[in-house]
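Grab the viewer and work through a few exercises on the model below. Try each task yourself before reading its solution.

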Amino acid sequence: MKADKEFIRESVADIIGCEVSDIKDDTNFVKELEVNSIQMLEIVAAVEDEYDIEVKASDLSKYDTIDKIVSALEEM
Amino acid sequence: MRRVVITGIGPVCALGSDHEEVFTRLCNKEQVKVRLDKCTPAREKIKAEWYVPFPDLYSDGKYADKLAQAEKEAAKSAYAAAKAALIAMDDAGLEKADDNTMVIVGTDSFSMEELIEETVKFDTKQKMYSMMIPYTIQSAIASWVTIVLDIHGMSSVINMACASSTTSVGICYENILDGKCDMAVCGGTSYIGDRNMTMFKGFEYLKCSSTNKNGDVFPFSKEKNGFLLSEGAACMLVIEELEHAKKRGAKIYAEITGFGCTSDAYNIVSMYPGGTIVEDMLRKLIGDKKVDYYNAHGTATILNDEVEADVIRRIFGSRENQPAINTSKPFLGHTLGASGALEIGVCADSIMHNRVHGNLCGTVLDDLNYVPETRDMQVDTAVSASLGFGGHNSAVMIERYRD
């Protein structure tokens, strides 16, 4: 599945309330941007809606950087 | 000292409207579920395949006279509560409750379906049902119970997510203990359907509901991935001060001997780390009593079950010292605001029959006295726990009634 990295970055910035430029490809949302558990669910929901996929609760940690989200989508 | 006993149990759920029937079917591990209708407009967005349907409460004609007005004017959640209250009164052998009987009904969401329909009608056609306010306000649920029972004590709705109806029973228990009244009709109701099953999708975003293709759920198991949703259900109980019940020759199912209620004050979804607030609540509730049976919140979610299992292990110790543990949600679905009262009814029947119903499960978590198959055993003391979103925790202790 082809992933639109900039769309994902903009979605994450919108949810966190930060600038797009604050989110590098390998910035960890939880450790570096203090994203909480609710915001992680929102980020995953945005990805699920855009790409019509289902992310398991046990896989949330695979979606905590832009790079990891893109990789996860490309593997699908 | 005043004592409080359960004398009437009125469930309305997919497994029936008679608590003995519901308990028997739970012991047979019956799961009533239907596939999500493929005509649902948003069907493709919802990953879940199955849910437990709202029971047909309108076509059996039972209590038709008493419910005639509610059938026309009440939202489904309110109608279900009113019907459950009438069933509980019948079960308690009561024609009429004391005039100052207290009514508290727990519930979860707003009357979503009705509210959405009226909002959309007003938005698109500038028309609405002229009685939309009494139709959709949550307090109407308690009002309808008082109207159909014709009683005038304090009445209210409690809104504490999945802990709503456990708390409603607990508050009524404390009010009877305090002498404010001798009887209460208490429990919970839930109806979350609408033409798109919007709430189902909402729970999916929260990673709470099972998307298993065959509708199985795996509480307290390594395979757990969420609960089976219920479209709606209700359960009301009649509880009474002991002397009041004895005086009228009531059948006593069990005695309520404790109530605990706390708030995590931590997160709007997740439980307090390690479940220590729940642990403190349960320790205070249980004291040094030996608990035979623990009806868990047991949602089969990653968020709940690991934490609840740890709390159980810390309080009771290793598997051989733990009470028998089960959860009624795999069969009833997660009935949210109605779940606690339904489960208190199950606890009372477990005590009456000395039986703990079996469960669905996969590979059960280590060191947990979980009950995969229905077990005949002495049940003198039971605890029913409900742990709701937003950190609402409550639990009720129920014991065999002894004179």
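What follows is a set of exercises, each with a solution in steps.

This is a predicted model, where local features need pLDDT of at least 70, side-chain atom pairs count only at pLDDT 80 or more, and totals for chains, interfaces and linings use all residues. Residues are numbered from 1 along each chain as its sequence is written, chains are lettered from A and ligands numbered from 1 in the order in which they are written, and side-chain values use heavy atoms, with hydrogens and water left out.

**Exercise 1. Find how chain B is divided, and work out how its domains meet.**

Step 1: Start with the bounds. Chain B splits into domain 1 (4-254) and domain 2 (258-392); such bounds come from an automatic or database domain assignment.

Step 2: Check the spacing. The C-alpha centres of domain 1 and domain 2 of chain B are 20 Å apart.

Step 3: Look at the contacts, meaning heavy atoms within 4.5 Å. On the domain 1 side of chain B, 63 residues are in contact with 62 residues of domain 2.

**Exercise 2. Locate the largest nonpolar core and say which residues have the most contacts inside it.**

Step 1: Get the term straight. A nonpolar core is a set of buried Ala, Val, Leu, Ile, Met, Phe, Trp, Tyr and Cys residues joined through side-chain atoms within 4.5 Å. Buried means under 20% relative accessible area, exposed over 50%, and partly exposed in between (1.4 Å probe, protein chains only).

Step 2: Pick out the core. The largest one has 53 residues, and B:Ile6, B:Ile239 and B:Ile398 have the most contacts inside it.

Step 3: See who contributes. Helix H13 (residues 339-353) of chain B gives the largest share, 7 residues; helices (H or I, at least four residues) and strands (E, at least two) are DSSP runs, numbered from the N terminus. Domain 1 (4-254) and domain 2 (258-392) of chain B each supply at least three residues to this core.

Step 4: Zoom in on B:Ile6. Setting aside neighbours within four places in sequence, B:Ile6 has contacts that include B:Ile239, B:Tyr253, B:Ile344, B:Ala348 and B:Ile398.

Step 5: Don't miss the other one. A second, separate core has 38 residues, among them B:Ala70, B:Ala84, B:Ala92 and B:Ile151.

**Exercise 3. Describe how H7(B) packs on H13(B).**

Step 1: Take the geometry. Helix H7 (residues 164-177) of chain B meets H13(B) at an angle of about 65°, and the axes are 5 Å apart. The axes are lines fitted to C-alpha atoms, for helices over the stretch in contact, and angles run from 0 to 180 degrees between N-to-C directions.

Step 2: List the partners. H7(B) brings B:Ser165, B:Thr166 and B:Val169, while H13(B) brings B:Ser339, B:Gly340, B:Ala341 and B:Ile344.

Step 3: Sort them. That contact has 3 nonpolar, 4 polar and no charged residues, where Ala, Val, Leu, Ile, Met, Phe, Trp, Tyr, Cys and Pro count as nonpolar, Asp, Glu, Lys and Arg as charged, and the others, Gly among them, as polar.

**Exercise 4. Are the two serines B:Ser350 and B:Ser328 buried or exposed?**

Step 1: Place B:Ser350. It sits in helix H13 of chain B and is buried, at a relative accessible area of 0%.

Step 2: Find what B:Ser350 touches. Not counting residues up to four places away in sequence, the list is B:Phe23, B:Tyr293, B:Arg355 and B:Val379.

Step 3: Now B:Ser328, in the loop between strand E10 (324-326) and helix H12 (329-332) of chain B. B:Ser328 is buried too, because its relative accessibility is 0%.

Step 4: Round off its surroundings. Leaving out neighbours within four places in sequence, B:Ser328 contacts B:Leu26, B:Asn295, B:Glu343, B:Val346 and B:His357.

**Exercise 5. What sign does phi have in B:Gln126 and B:Asp150?**

Step 1: Recall the background. Most residues other than glycine have a negative phi.

Step 2: Read off B:Gln126. Its phi is near 55°, a positive value, and B:Gln126 lies in the loop between helix H4 (112-125) and helix H5 (132-136) of chain B. B:Gln126 counts as exposed because its relative accessible area is 56%.

Step 3: Read off B:Asp150. Phi is positive here as well, near 55°, and B:Asp150 lies in the loop between helix H6 (139-149) and strand E5 (155-158) of chain B. With 43% relative accessibility, B:Asp150 is partly exposed.
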